[in-house]
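This report describes the chain shown below, beginning with its surface and ending with the confidence of the coordinates.

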Amino acid sequence: MNSKIGRLKDELSRAKERLTECQARVREIERQIIEQENLEILRAVRNAVTSPEELRGLLERIQAAGPQEAPPEAPYEEKEEQQW
């Protein structure tokens, strides 16, 4: 019976390692998505704005709109960790 417990503990350890690797990969993909979205925004602004005055006006309108709500943290990571 002890050998079965040992095998199960080893399997659990390997599963936790895979979970950690998957979570790191998810974070990296999310970072890359944000980076690409930011680059897309920069390209759009550079293509749309032709003078410093227009850029200033655009920035003033953005500031007047107020702060936007930050994206929620990844709740699935917490849920997964709580299962262990």
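## Surface and burial

The accessible surface of the chain amounts to about 7800 Å², and carbon and sulfur atoms account for 55% of that area. The model is a predicted one. Of the 84 residues in the chain, 7% count as buried.

## Secondary structure

The chain contains 3 helices and 0 strands. Read from the N terminus, the order of its elements is α-α-α. Helix 1 covers residues 2–48, helix 2 covers residues 52–65, and helix 3 covers residues 75–83.

Helix 2 consists of 14 residues. From its first C-alpha to its last, helix 2 reaches 20 Å, close to the 20 Å expected at 1.5 Å a residue. Gly 66 follows helix 2 and has a positive phi, near 90°.

## Salt bridges in helix 1

How many salt bridges does the structure hold? There are 2 salt bridges in the structure, and Glu 28, Arg 31 and Glu 35 are linked in a network of such contacts. Side chains of opposite charge can pair when their charged atoms come close. Between Glu 28 and Arg 31, the closest N and O atoms are 2.6 Å apart. In the salt bridge of Glu 35 with Arg 31, the closest N and O atoms are 2.8 Å apart.

The positions of these residues along the helix fit this arrangement of partners. Glu 28 and Arg 31 are 3 residues apart in helix 1, and therefore about one helical turn separates them. Glu 35 and Arg 31 also both lie in helix 1, 4 residues apart, which is about one turn of the helix. An α-helix has 3.6 residues a turn, so residues three or four places apart point the same way.

Are the members of the network buried, partly exposed or exposed? Glu 28 counts as partly exposed because its relative accessibility is 28%. Arg 31, at 42% relative accessibility, is likewise partly exposed, and Glu 35 is partly exposed at 37%.

## A nonpolar patch

Which residues form a nonpolar patch on the surface? The patch is formed by Leu 55, Leu 59 and Ile 62, which together have about 250 Å² of accessible area. Ile 62 lies in helix 2. Its relative accessibility is 49%, so Ile 62 counts as partly exposed, since the exposed class begins over 50%.

## Confidence of the model

The chain has a mean pLDDT of 83, and 77% of its residues reach 70 or more. Within the chain, confidence is highest in helix 1, at a mean of 93, and lowest in helix 3, at a mean of 51. Where pLDDT is low, the predicted coordinates should not be read in detail. The network of Glu 28, Arg 31 and Glu 35 belongs to helix 1, the helix with the highest confidence.

Definitions and conventions: Residues numbered from 1 in each chain as written. Predicted model: local features only at pLDDT ≥ 70, side-chain atom pairs only at ≥ 80, totals over all residues. Heavy atoms only, no water. Patch = residues over 30% accessible without salt bridge, like charges linked within 9 Å, V, L, I, M, F, W, Y side chains within 5 Å. Areas by Shrake-Rupley, 256 points an atom, 1.4 Å probe, with all protein chains shown as cover. Salt bridge = Lys/Arg side-chain N within 4 Å of Asp/Glu carboxyl O. Helix = DSSP H or I, 4+ residues; strand = E, 2+ residues; numbered from the N terminus. Buried < 20%, exposed > 50% of the residue type's maximum accessible area, 1.4 Å probe, protein only. Expected span 1.5 Å × (residues − 1). pLDDT = per-residue confidence, 0-100.
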